[in-house]
Amino acid sequence: MTRAQLTDDEWGFVGPYLPVGEYGPYPSRLRQQFEGVIWKFRSGAQWREMPDRFGAWSTVHNRFRQWRDAGVFEALLEGLIAEAAKRGRVDLSLVSVDSTTVRAHHDAAGMRLGEDVLDALERAAAEAEAARQRGGAAEQGGHGDVGDPGRAERRRVRRRRRLRLKAALLGRSRGGQTSKIHLAADRRCRPLALILTAGQAADSPQFIPVLGKIRVPGPVGRPRTRPDAVAGDKAYSSRGNRTHLRKRKIKVVIPEKRDQAANRKKKGRHGGRPLTHDAGLYQERNTVERLINKFKAWRGIATRYDKTPESYLAGLHLRASMIWIKDLNQTTH
């Protein structure tokens with residue numbers, strides 16, 4: 001017997017966001033199918049292993065793909081944040097940003113791409129490679145291909161393999177293929193925004209995009225997108241990130257790297273003022289780390305089993321939505 005995935009109160013937050021077509025699905029089965037999707041990501045099992053109480057696994061899988069393509073899970077997360085803002089439950093006094101690497105199971109490899117899409121990506125990569133190679137380097141590569149007819153084909157196979165991994169948002173590391181989740185958390189350990197990239201992607205370039213996805217609707221006017229303060233570890237200590245926060249009049253709670261401090265001191269008075277941060281606020285950066293632990297409590301999130309990044313990202317939005325639903329349900333009672 002499988003335990004219930006949603007209570008009646010929790011289902012009340014989800015039901016309005018699930019579309020019901022003219023010819024189906026039956027509204028009475030929507031909850032059953034949605035709980036099947038939750039079971040899949042919570043357990044990390046295969047779709048074929050789904051218990052019969054959720055219905056046919058193929059039907060639940062098809063329903064998940066329809067919801068994913070329609071943007072239901074992302075809309076659910078945005079709606080829950082809006083509901084929390086209406087109740088005054090969103091705290092933007094401090095937003096913490098961090099990332100976590102997720103190991104990809106071997107089932108996540110092998111995402112299929114159409115030949116036209118793959119050819120277009122290959123042409124773009126070839127043009128970029130030709131632009132990097134100039135003069136003698138390009139001629140040397142050409143002579144090497146002439147001497148070894150199979151070299152061009154081997155390079156083409158490797159290039160297509162890299163393009164498939166890039167399209168699937170999978171990166172190579174010592175542990176194998178990985179993806180990386182970049183997310184922002186409020187002061188009460190709830191997710192506000194998240195981005196999925198390949199595992200080898202650096203943290204600092206994703207700092208501004210993650211903050212740009214924060215949108216907290218209010219009763220009137222534009223959604224609030226600017227927190228009072230933003231905390232991050234030393235990986236986010238860059239001139240671009242600090243300038244972006246200062247321009248938006250956001251308090252910077254990011255410690256300075258040792259090498260950056262040493263370079264600044266070498267420049268003397270031209271290096272600028274010493275960078276400081278609020279140590280008390282920085283201690284509260286643990287909210288985003290605790291949020292990461294909440295995400296990885298679901299085995300289908302802690303390990304990526306989905307071939308397409310869209311499916312895994314839908315699971316991330318689902319997990320984030322359930323965190324908000326738990327919080328809203330507690331405040332309701």
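Are R190 and D327 buried or exposed? I shall begin there, and I should say at once that we are looking at a predicted model.

Both R190 and D327 are buried. Their side chains are joined by a salt bridge, with 2.7 Å from N to O. R190 sits in the loop between β3 (176-185) and β4 (191-198), while D327 belongs to helix α14 (residues 309-332), so the pair ties together parts that are 137 residues apart in sequence. This pair also takes part in a wider arrangement: a network of salt bridges links R89, D186, R190 and D327.

In general terms, side chains of opposite charge can pair when their charged atoms come close. The structure contains 16 salt bridges, and I have chosen two further examples.

One of them is formed by K86 and E83, whose closest N and O atoms are 3.9 Å apart. Both residues lie in helix α4 (residues 72-86), where they are separated by 3 residues, about one turn of the helix. What is the accessibility of each partner? K86 has 69% relative accessibility and therefore counts as exposed, the cut-off being over 50%. E83, at 24% relative accessibility, counts as partly exposed.

The other example is R285 with E289, a salt bridge of 2.9 Å from N to O between the two side chains. Here R285 has a relative accessible area of 10%, and because buried means under 20%, R285 is buried. E289 is partly exposed, with a relative accessible area of 34%.

To return to my opening question, the salt bridge between R190 and D327 joins two residues that are buried. Thank you for your attention.

Conventions: Residues numbered from 1 in each chain as written. Predicted model: local features only at pLDDT ≥ 70, side-chain atom pairs only at ≥ 80, totals over all residues. Heavy atoms only, no water. Salt bridge = Lys/Arg side-chain N within 4 Å of Asp/Glu carboxyl O. Helix = DSSP H or I, 4+ residues; strand = E, 2+ residues; numbered from the N terminus. Buried < 20%, exposed > 50% of the residue type's maximum accessible area, 1.4 Å probe, protein only.
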